Amino acid sequence: MSVKPAVSDPDALNGSASEQDEQDGHPRRGLMALTIGAIGVVYGDIGTSPLYALREALRPAAEDGLSRAEVLGVVSLIIWSLTLIVTVKYVLFLLRADNRGEGGVLALYALTRLAVGRRSLAVLFLGIVGAAMFFGDALITPAISVLSAVEGIKLVTPAFEHYVIPITLGILFALFMVQQWGTHAISAAFGPITALWFVVMAAMGVWQLSFDISVIAAFNPWYAVHFLTTHGLVAFIVLGAVFLCVTGAEALYADLGHFGRAPIRLAWFTLIFPALVLNYLGQGALVLRDPAALENPFYLMVPSSLLPALVALATIATVIAAQAVITGAYSMARAAIQLGLLPRLAIVHTSETTSGQIYIPSINWILLFGVLSFVATFQTSENLAAAYGIAVTGAMIVDTILAILYSHLGWKKPLWFVLAVAAPFVVLEGTFLMSNLVKVPEGGYVPLGLAFGFSFLMFAWWRGVQLAFDRGHKQMVELDSFAKSMLKSSVHVVPGTAFFLTSDPKAVPPAFLHNLKHNRVLHEKNVILTVEVQRVPKVHADERAEYVPINERFARLTLRFGFMETPNVSKALGRARREGLKFDVMTTSFFLGRRKVVPGDRLGLQLILDRIFVALTRFAADPSDYYHLPRDRVVELGSRMTV
């Protein structure tokens with residue numbers, strides 16, 4: 001049994017964000033508490049970029065020695081990348097494009113899909129590619145972040161150099177193993193620890209600036225422009241590394257629903273942005289004073305006596321950053337499932353009070369295998385940096401294209417105005433993407449391969465669901481006329497209520513026909529139950545259930561959930577009682593139609609897609625568990641379908 005995501009009218013579901021907080025059982029917290037939380041979760045990824053970003057950006061230019069103008073040029077590129085991409089695009093603009101308080105590429109895809117008003121394969125393609133790029137980012141970020149932090153122990157003592165890889169693998173393995181127990185017990189410390197990390201980075205920058213304050217000339221964009229126009233191919237290669245400074249910007253948008261617009265903006269302008277700029281300026285000042293510091297400018301900013309403490313703090317900060325990305329991957333996977341881009345996967349809630357804290361075992365093991373493989377294969381953060389930028393750049397470009405479409409179709413802005421505003425970002429991010437593509441032979445093929453693989457799987461699943469639904473719809477028996485005819489039937493009527501789950505509320509569910517054919521009975525009350533996934537993150541309680549009687553024997557019940565919610569049918573039935581549904585749990589049965597899907601007689605690519613869809617159906621979670629049905633009241637009836 002599959003449930004097809006339903007398109008809803010965005011104006012029909014107009015609950016405010018504060019109402020939704022109350023609905024979920026945890027009232028909106030204070031601004032400062034949310035701001036501290038945002039520092040730990042939203043900015044963990046971008047906060048670890050100073051460990052390697054400037055180092056990797058300066059190396060191509062240092063082949064023949066570094067001049068003052070080159071250092072200032074690269075630092076200026078980093079400062080203005082943070083300003084234009086993170087501050088202007090994400091913090092000031094994209095945070096306004098929320099889907100009932102939720103952000104991220106799939107939320108923007110859902111908004112754009114609603115604005116288009118019809119099925120659009122182009123918009124679907126963008127949503128799939130954006131989600132695939134995010135999953136690729138989630139695989140690489142923990143590896144490069146933790147590895148770059150642990151590499152600092154080589155500076156404490158060279159004797160530890162051979163232990164960098166084992167320590168990194170051990171930390172990452174432990175991190176993924178604890179996911180099944182949830183992170184709510186330690187997540188409260190994420191914000192304060194990460195805030196300390198940013199304060200320390202700012203202090204390090206100020207300390208180095210005290211030796212050479214002239215590096216603040218990098219605020220002048222002329223140095224960035226001069227570097228780009230005078231260094232040819234080297235400048236093009238440097239741009240690919242400069243982009244590392246904005247990795248994690250997608251988290252600003254993706255975590256919008258967890259913290260809200262105001263806390264994310266407050267944290268950025270009061271702490272994150274100043275700390276990052278000061279640290280990059282400090283690293284630039286250090287390299288100007290001592291070019292040999294380019295080996296690892298971040299760690300060499302502090303005296304050797306403070307290095308062990310800094311390595312320890314950096315390692316903790318990178319673990320927090322990795323945790324934030326892992327949590328984001330779970331949320332992205334749940335949204336993809338609800339939007340019909342992935343099969344139903346088992347979802348475990350790790351907190352009784354916070355609905356967003358979930359654990360998806362299959363996603364966790366995929367991430368664990370991928371992250372450990374990256375560390376073991378690439379060995380150093382320098383090698384991983386070559387593979388990192390492409391996934392992030394691709395995700396950002398998808399955000400930009402969807403934002404252009406939504407601004408024109410959803411916000412009704414003139415197309416010429418939207419294109420004029422977006423043009424600088426398209427050019428900038430397009431240049432970043434092309435410069436990162438140069439790294440394909442050095443490891444950039446990894447995120448491209450991952451993105452293609454994830455995209456292919458999601459498209460195969462979406463296509464298979466559409467084909468299965470269309471095939472079932474062609475074989476449908478119209479429900480209203482059938483319900484009327486059953487009033488005159490001589491079939492034996494048994495007491496109790498039967499719920500039949502189906503994806504098409506206008507048709508007689510196959511499970512009903514099988515029950516009637518094989519068991520030769522009709523329940524006293526038959527409820528045709530449809531679970532709809534709306535293209536909004538959360539559905540307000542007032543729109544959760546809709547109960548419509550057909551006659552004295554049959555009725556329709558529609559339960560609606562947002563794409564960021566886990567559908568709990570048992571709990572939602574309580575809301576359905578308020579809409580007029582009457583039933584006794586002890587005399588109630590839930591009938592599920594379990595279809596065995598087999599590929600059709602197509603050839604070529606279509607056959608491959610069919611076989612992938614059939615294979616993915618085997619990974620789908622048991623519908624009783626996924627929809628939280630009472631297991632002792634469930635009856636499953638099987639059938640066979642060719643797609």
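What follows is a walk through the structure above, from its interior to its surface and then to its charged pairs.

This is a predicted model, so local features are given only at pLDDT of at least 70 and side-chain atom pairs count only at pLDDT 80 or more, while totals for chains, interfaces and linings use all residues. Residues are numbered from 1 along each chain as its sequence is written, and side-chain values use heavy atoms, with hydrogens and water left out.

Let us begin inside. The largest nonpolar core has 178 residues; such a core is a set of buried Ala, Val, Leu, Ile, Met, Phe, Trp, Tyr and Cys residues joined through side-chain atoms within 4.5 Å. Here buried means under 20% relative accessible area, exposed means over 50%, and partly exposed lies in between (1.4 Å probe, protein chains only). Helix α7, residues 121-150, gives the most to this core, with 19 residues. Helices (H or I, at least four residues) and strands (E, at least two) are DSSP runs, numbered from the N terminus. Leu82 and Leu557 have the most contacts inside the core. If you centre your view on Leu82, you will find that it touches Ile46, Thr87, Cys245, Val246, Trp268, Phe273, Leu276 and Tyr280, leaving aside residues up to four places away in sequence; contact means heavy atoms within 4.5 Å. Apart from the largest core lies another, of 16 residues, including Leu479, Met486, Leu516 and Ile528.

Now move to the surface. Trp80, Leu84, Val88, Leu92 and Phe269 make a nonpolar patch of about 390 Å². Patches are built from residues with over 30% relative accessible area and no salt bridge, with like charges joined within 9 Å and nonpolar side chains (Val, Leu, Ile, Met, Phe, Trp, Tyr) within 5 Å; the areas come from the Shrake-Rupley method with a 1.4 Å probe, and for residues only the protein chains shown count as cover. Helix α5, residues 68-93, supplies the largest share of the patch, four residues. An α-helix has 3.6 residues a turn, so residues three or four places apart point the same way. Val88 is found in α5 and counts as partly exposed at 30% relative accessibility.

The charged pairs come next. A salt bridge is a side-chain nitrogen of Lys or Arg within 4 Å of a carboxyl oxygen of Asp or Glu, and by this rule the count comes to twelve. One of them joins Glu382 and Arg59 at 2.9 Å, N to O. Glu382 lies in helix α19 (residues 381-409) and Arg59 in the loop between α4 (53-58) and α5, so this pair ties together parts 323 residues apart in sequence. Both are partly exposed, Glu382 at 40% and Arg59 at 24%. These two also belong to a network of salt bridges with Arg55 and Glu56.

Arg68 and Asp212 meet in another salt bridge, at 3.9 Å. This pair links α5 with the loop between α11 (190-209) and α12, 144 residues apart. Arg68 is partly exposed at 39%, whereas Asp212 is buried at 17%.

Arg556 and Asp480 form a salt bridge too, with their closest N and O atoms 2.9 Å apart. Arg556 sits in strand β6 (residues 554-562) and Asp480 in helix α22 (residues 479-486), so the pair ties together parts 76 residues apart in sequence. Arg556 is buried at 18%, while Asp480 is partly exposed at 36%.
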